2 protein chains.
Amino acid sequence: MKVLVTGGCGYIGAHTIVDLINHGFDVVSVDSNIRSSTQLLDGVEKITGKKIRNYKVDLCNLEDTHAVFHENRDIVGVIHFAALKTVPESVADPLMYFHNNLTSLINVLKCIKEFNVPNFVFSSSCSVYGNTKALPVVEETPLGEAQSPYARTKQMGEQIIEDYSRVNDTQSILLRYFNPVGAHPSALIGELPLGRPDNLVPVITQTAIGKIPSLTVFGADYDTRDGSCVRDYIHVTDIANAHTKALQYLIENRNDQNCEVFNLGTGNGVTVLEAIKAFEKISGVKVNYTLGPRRDGDVIAIYANNTRAKEKLGWEPQIGIEDCMRTAWQWEVSLRNKVLSN
Amino acid sequence: MKVLVTGGCGYIGAHTIVDLINHGFDVVSVDSNIRSSTQLLDGVEKITGKKIRNYKVDLCNLEDTHAVFHENRDIVGVIHFAALKTVPESVADPLMYFHNNLTSLINVLKCIKEFNVPNFVFSSSCSVYGNTKALPVVEETPLGEAQSPYARTKQMGEQIIEDYSRVNDTQSILLRYFNPVGAHPSALIGELPLGRPDNLVPVITQTAIGKIPSLTVFGADYDTRDGSCVRDYIHVTDIANAHTKALQYLIENRNDQNCEVFNLGTGNGVTVLEAIKAFEKISGVKVNYTLGPRRDGDVIAIYANNTRAKEKLGWEPQIGIEDCMRTAWQWEVSLRNKVLSN
């Protein structure tokens with residue numbers, strides 16, 4: 001059974017391809033490589049022993065997207081990761097985010113409709129909940145005011161898919177990721193930010209290894225237990241596995257619910273400062289950090305109720321915060337060793 | 001002072017061009033004529049004595065849109081009407097609506113940014129409020145669940161403009177129309193639905209004149225005073241004048257509020273059955289109607305609190321429901337006479 005993965009050269013896309021292959025799926029990837037390279041796909045091939053075809057196509061181009069679907073009429077589903085995802089960049093240039101994230105989604109759905117693809121899984125985000133007070137969030141928690149254009153594109157993406165699914169035969173699942181972190185235990189794939197990273201964990205590991213001089217904690221005066229933001233860090237292989245389970249669920253359970261939503265988090269809220277401490281503990285490396293001002297677009301605190309994904313998808317996160325940090329650190333070290341050996 | 005009007009060949013666009021010209025503005029129009037013809041512009045020219053240039057350009061094409069802006073660098077503002085607007089069609093084909101209404105808006109904003117256009121007025125809709133219980137609605141009323149993809153595109157459009165305006169110099173106004181009806185008192189321009197109309201008033205006048213055999217009232221069992229939906233019918237020349245006033249307000253009041261929202265309604269809720277009776281009274285013609293089932297995508301009852309537009313824009317609706325019906329009827333009769341004289 002063949003699956004089309006968009007954004008397959010990205011962080012979560014690459015880990016998901018590994019998990020799909022481990023569960024017997026064939027995979028083709030579409031990735032423009034505008035914000036990625038094929039480096040992670042090389043890692044995927046080393047881990048799985050399989051060659052992955054990537055179409056270097058910008059999904060904002062309908063004609064090119066159509067050609068990929070035309071060549072792959074036998075797919076059982078699409079997992080749509082491809083999107084811009086940097087919160088501060090989206091605040092500075094909202095039109096780029098609306099154009100890119102919405103046009104690519106609409107084009108993919110047009111092709112899904114034309115080629116009667118039965119199953120669709122969408123990368124959504126806990127940022128759709130906004131600054132909700134109702135913690136932990138369940139899937140029915142009303143969506144709050146999006147804190148950034150990035151988050152808006154995820155809210156809009158969900159709405160587009162819901163409206164689409166209501167009148168078309170495709171079954172869809174929206175997966176709301178909390179904070180994906182860590183790397184494959186092989187240290188052959190992991191997060192590969194182009195330029196200066198924005199997400200906490202690569203900033204931690206890059207600070208620890210000396211790539212960047214110090215880490216700024218954005219906001220230390222929030223109403224949380226230590227003043228820093230609270231997040232639900234979930235290991236990327238756990239996130240990846242949820243996609244396989246979501247696809248299997250769609251294939252095995254054709255029902256009249258055309259669009260279902262699942263939270264993907266551990267259920268545990270961890271502060272930014274606690275995450276830094278967990279890293280220091282497992283690595284034995286002190287992280288040079290300073291407390292800085294709040295950052296536009298950040299929500300204060302969010303963590304998941306993941307009961308629905310456990311019950312309906314049979315999914316269970318396996319990896320805690322310390323192993324998240326351990327695999328992230330191994331990946332960072334492997335990146336340095338690779339540079340040193342070149 | 002030159003204004004670019006998108007969708008200038010449409011119902012509200014054409015009436016607005018007349019009002020802009022009457023207040024001393026020059027106007028250029030962009031309209032793809034996908035859902036319109038240049039017939040209303042001919043009427044505008046008869047009323048105003050001015051020739052209006054229309055660029056037949058699909059705003060979903062960025063290159064063509066860019067060329068229009070490049071040729072008209074001296075505009076003081078853009079009034080953006082162009083959009084698909086048929087609720088049932090949007091339910092049946094959401095992707096067409098998301099693609100068309102969002103891409104065109106994003107392209108227009110990209111050009112506004114590039115050419116530093118200082119002022120922007122957007123056609124929004126009371127449908128952004130969804131099925132709210134808080135009547136009359138004020139601009140701060142929380143937006144409810146959109147009842148159709150059409151309404152979603154208006155909610156999303158507002159959000160895109162808000163996020164855009166936050167980080168760019170353009171000042172924007174979002175005008176939330178209630179139910180625009182009626183026609184110019186000259187009967188030279190009016191609503192010109194292509195194919196079978198979906199809005200109540202053209203259905204009433206077409207039924208009265210015999211173009212369509214009968215009218216269906218969609219839903220007679222709602223919890224309203226007579227069971228039919230409640231709407232706030234506002235005369236199209238009043239709506240048109242609000243655009244002129246909005247533009248003048250933006251030109252005269254540069255402030256730090258980059259995006260402001262105004263309701264455009266009369267403040268009076270009128271049921272569908274009452275609207276039919278008002279028509280019968282002023283026309284002396286009985287309307288053949290039947291009570292039918294509810295229609296997907298309709299909100300139950302909505303009418304405006306228009307205090308903000310009155311206070312800040314100095315706008316005041318002039319025309320009541322009977323004159324709405326009278327001008328709509330004169331327009332329908334003039335369309336018949338035109339056919340007969342050909």
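Modeller: Before helix α3 is discussed, one term: contact means heavy atoms within 4.5 Å. The model is predicted.

Biologist: Which strands does helix α3 of chain A lie across, and what is its direction relative to β3(A)?

Modeller: Helix α3 of chain A, residues 62-71, lies across β1 (2-6), β2 (26-30), β3 and β4. Its direction makes about 150° with that of β3(A). Angles are taken between N-to-C directions and run from 0 to 180 degrees, so 180 would be the upper end of the scale.

Biologist: What can be said of helix α6 of chain A?

Modeller: Helix α6 (residues 149-167) of chain A lies across β5, β6 (171-177) and β11. Against β5(A) it runs at about 155°.

Biologist: What is the order of the strands in the open sheet of chain A?

Modeller: The order is β3-β2-β1-β4-β5-β6-β11, seven strands with parallel pairing. At the edges stand β3 (53-55) and β11 (259-264) of chain A; each has a single partner strand, so one side of each has no neighbour in the sheet. On average, neighbouring strands are turned by 20° against each other, direction ignored.

Biologist: How do you know that β4 and β5 of chain A pair?

Modeller: Pairing requires at least two bridges between two strands. Strand β4 (residues 75-80) and strand β5 (residues 119-125) of chain A have four bridges, in the parallel sense. The count meets the requirement, so the two strands are called a pair. At one of these positions, A:V78 has A:F120 in β5(A) as its bridge partner.

Biologist: What makes β2 and β3 of chain B a pair?

Modeller: The test is again at least two bridges. Three bridges join β2 (residues 26-30) of chain B to β3(B), and the strands run parallel; three satisfies the test, therefore they pair. B:S29 has B:N54 in β3(B) as its bridge partner. Helix α8 (residues 236-252) of chain B packs on the sheet, where it touches β1 (2-6), β4 (75-80), β5, β6 (171-177) and β11 of chain B. The direction of helix α8 of chain B makes about 160° with that of β6(B).

Biologist: Why is the relation between chain A and chain B called a two-fold axis?

Modeller: A turn of 180° with a shift of 0.0 Å along the axis lays chain B on chain A, with an RMSD of 0.0 Å. That is the relation of a two-fold axis. The same surface serves both copies, since 100% of the contact residues of chain B recur in chain A.

Biologist: How many cavities of 30 Å³ or more does a search of the whole structure find?

Modeller: The search finds three. The largest cavity has a volume of about 90 Å³.

Biologist: What makes such a space a cavity and not a pocket?

Modeller: In a cavity a 1.4 Å probe fits but cannot get out, whereas a pocket is open. The largest cavity is lined by 13 residues, and A:E191, A:P202, A:T205, A:A328 and A:W331 lie nearest its centre. Helices α7 (200-209) and α11 (321-341) of chain A each supply at least two residues of that lining. By class, the lining of the largest cavity holds eight nonpolar, three polar and two charged residues.

Biologist: What kind of peptide bond joins A:L135 and A:P136?

Modeller: The bond is cis, with omega about -10°. A:P136 sits in the loop between β5 and α6 of chain A. In chain B, the bond from B:L135 to B:P136 is cis too, with omega near -10°.

Biologist: What is notable about the phi of A:N116?

Modeller: A:N116 has a positive phi of about 50°, although it is not a glycine. A:N116 lies in the loop between α5 (94-114) and β5 of chain A.

Notes: Residues numbered from 1 in each chain as written. Chains lettered and ligands numbered in written order. Predicted model: local features only at pLDDT ≥ 70, side-chain atom pairs only at ≥ 80, totals over all residues. Heavy atoms only, no water. Least-squares fit on C-alpha atoms with pLDDT ≥ 70 in both. 1 Å grid on protein atoms, 1.4 Å probe; cavity = no way out; pocket = protein on both sides within 12 Å on 5 of 7 lines; lining within 4 Å. Points joined across faces, edges and corners; volume = space filled by probe spheres on them. Nonpolar A, V, L, I, M, F, W, Y, C, P; charged D, E, K, R; others polar.
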